[in-house]
Amino acid sequence: MTATAKADLLRSLQTDSVLLLPNAWDAASAAVIAAAGAPAIATTSAGLSWSLGRPDGQALSRADAIDAVARIAAAVDVPVTADIEGGYDDLTATVTGVVAAGAVGVNLEDSQAPGGPLHTIEEQSARIRQARTAATQAGLPGLVLNARTDVILFGLGDLDQAIARTLAYAEAGADSIFVPGLLDLAALRTLCDASPIPVNAMAMAGGPDVAALAGAGVRRISLGSAVAQAAYTTARQVTLELLGKGTLDSLDGTFDYGELNGLLVARNRP
């Protein structure tokens with residue numbers, strides 16, 4: 001499938017239905033997620049950063065981020081959308097790089113640093129147009145651009161301000177809007193009703209499930225760093241059990257070695 005076809009598929013998945021996006025952080029996690037039936041894969045900047053020994057929060061280098069996206073995209077046949085955080089200082093170079101690496105979508109946030117401040121609406125709108133121009137020049141004008149606003153996540157504004165940014169980002173050319181931290185169903189319904197583009201919510205343990213989020217009008221549901229956190233939690237639990245009781249019950253139900261290895265063998269044959 002060509003990059004254009006993958007981008008078209010990714011866009012249709014979030015407009016014609018509810019797109020469920022488990023987030024991968026390396027090639028193996030992407031292969032596992034795709035093999036489980038996910039129609040598309042999003043990367044998680046947090047999981048990716050942790051796997052490289054760095055904290056989350058725009059601490060990756062552009063080269064490291066692009067290399068990771070390339071490995072993930074090469075491991076699967078489904079569309080991949082890349083979390084590029086704030087763009088890694090040179091947004092044009094970053095978008096050009098991830099398109100070349102095989103991504104057909106990006107997640108671009110409006111925070112300048114963890115906790116803020118945010119780019120102004122005018123600044124971020126210009127950055128969205130810049131990303132679109134870069135994608136077009138890279139041969140993928142249909143890049144699916146998920147615009148993330150951290151107004152709610154960082155407590156820097158209210159729902160009205162999130163809606164104002166949504167409208168501006170849509171006007172600038174964003175394909176969907178992501179407001180992490182917003183899980184109140186009534187507020188999500190208000191946002192979905194006001195938004196001319198699909199709304200992305202980040203689901204989390206203890207929060208509304210897929211049916212409730214979809215019922216509020218959400219059309220794209222991702223998990224952020226949750227899957228990576230679950231994997232690292234398993235690593236800790238196995239270690240604690242081994243060093244404590246000396247048993248291995250925590251390994252019950254884990255992937256068979258041959259099955260997991262087999263997901264990558266075929267793609268690496270000459």
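Biologist: In this predicted model, is arginine 189 buried, partly exposed or exposed?

Modeller: Buried needs under 20% relative accessible area, and exposed needs over 50%. Arginine 189 has 34% relative accessibility, so the residue counts as partly exposed.

Biologist: Which residue forms a salt bridge with arginine 189?

Modeller: A salt bridge needs a side-chain nitrogen of Lys or Arg within 4 Å of a carboxyl oxygen of Asp or Glu. For arginine 189, the closest N and O atoms are 3.3 Å apart. The partner is aspartate 193.

Biologist: Why are arginine 189 and aspartate 193 separated by about one helical turn?

Modeller: An α-helix has 3.6 residues a turn, so residues three or four places apart point the same way. Arginine 189 and aspartate 193 both sit in helix α8 (residues 185–194). Their separation along that helix is four residues.

Biologist: Is aspartate 193 buried or exposed?

Modeller: The cut-off for exposed is over 50%. Aspartate 193 has 56% relative accessibility, so this residue counts as exposed.

Biologist: How many salt bridges are there by this rule?

Modeller: The rule asks for a nitrogen to oxygen distance within 4 Å. By this rule, the count of salt bridges is eight.

Biologist: Which helix holds both aspartate 8 and arginine 11?

Modeller: The side chains of aspartate 8 and arginine 11 meet in a salt bridge, at 3.9 Å from N to O. The two are three residues apart, about one turn of the helix. That helix is α1 (residues 3–15).

Biologist: Which residues are linked with Asp8 and Arg11 in a network of salt bridges?

Modeller: Aspartate 8 is partly exposed, with a relative accessible area of 43%. Asp8 and Arg11 belong to a network of salt bridges. The other members are Arg132 and Asp175.

Biologist: How many residues apart in sequence are the parts tied together by arginine 148 and glutamate 109?

Modeller: The side chains of arginine 148 and glutamate 109 meet in a salt bridge, at 3.5 Å from N to O. Arginine 148 lies in strand β6 and glutamate 109 in strand β5, so the pair ties together parts that are far from adjacent numbers: 39 residues apart in sequence.

Biologist: Are arginine 148 and glutamate 109 buried or exposed?

Modeller: Under 20% relative accessible area is the cut-off for buried. Arginine 148 meets it, and so does glutamate 109: both are buried.

Biologist: Which strand holds asparagine 107, and what does asparagine 107 touch?

Modeller: Asparagine 107 is buried, at 8% relative accessibility. Leaving out residues up to four places away in sequence, asparagine 107 touches Thr81, Ala82, Asp83, Ile84, Glu85, Asn146, Arg148 and Phe178. The strand is β5.

Biologist: What is the reach of helix α6 from its first C-alpha to its last?

Modeller: Helix α6 (residues 121–137) has 17 residues. At 1.5 Å a residue, 24 Å is expected. The value in the model is close to that: 24 Å.

Biologist: What covers the buried residues of α6?

Modeller: The buried residues of α6 include Gln124, Ile128 and Ala131. Their cover includes α5 (91–101), β5 (105–109), β6 (144–148) and α7 (159–172).

Biologist: How many aromatic pairs does a search of the whole structure find?

Modeller: Ring centres must lie within 6.5 Å to pair. The search finds two.

Biologist: Is the pair of tryptophan 25 and tyrosine 232 stacked, tilted or edge-to-face?

Modeller: Planes under 30 degrees apart count as stacked, and over 60 as edge-to-face. Tryptophan 25 and tyrosine 232 lie 6.4 Å centre to centre, with 45° between the planes. The pair is tilted.

Biologist: Why does this pair tie together parts that are 207 residues apart in sequence?

Modeller: Tryptophan 25 lies in the loop between β2 (23–24) and α2 (27–35). Tyrosine 232 lies in helix α10 (residues 226–243).

Biologist: Is the pair of tryptophan 50 and tyrosine 232 stacked, tilted or edge-to-face?

Modeller: The ring centres of tryptophan 50 and tyrosine 232 are 6.3 Å apart. Their planes stand at 65°, so the pair is edge-to-face.

Biologist: Which residues do ring pairs link into a cluster?

Modeller: Tryptophan 25 is buried, at 12% relative accessible area. Tyrosine 232 is partly exposed, at 36%. The cluster is Trp25, Trp50 and Tyr232.

Definitions and conventions:
Residues numbered from 1 in each chain as written. Predicted model: local features only at pLDDT ≥ 70, side-chain atom pairs only at ≥ 80, totals over all residues. Heavy atoms only, no water. Phe/Tyr/Trp six-rings, centres within 6.5 Å; stacked < 30°, edge-to-face > 60°. Buried < 20%, exposed > 50% of the residue type's maximum accessible area, 1.4 Å probe, protein only. Expected span 1.5 Å × (residues − 1). Contact = heavy atoms within 4.5 Å.
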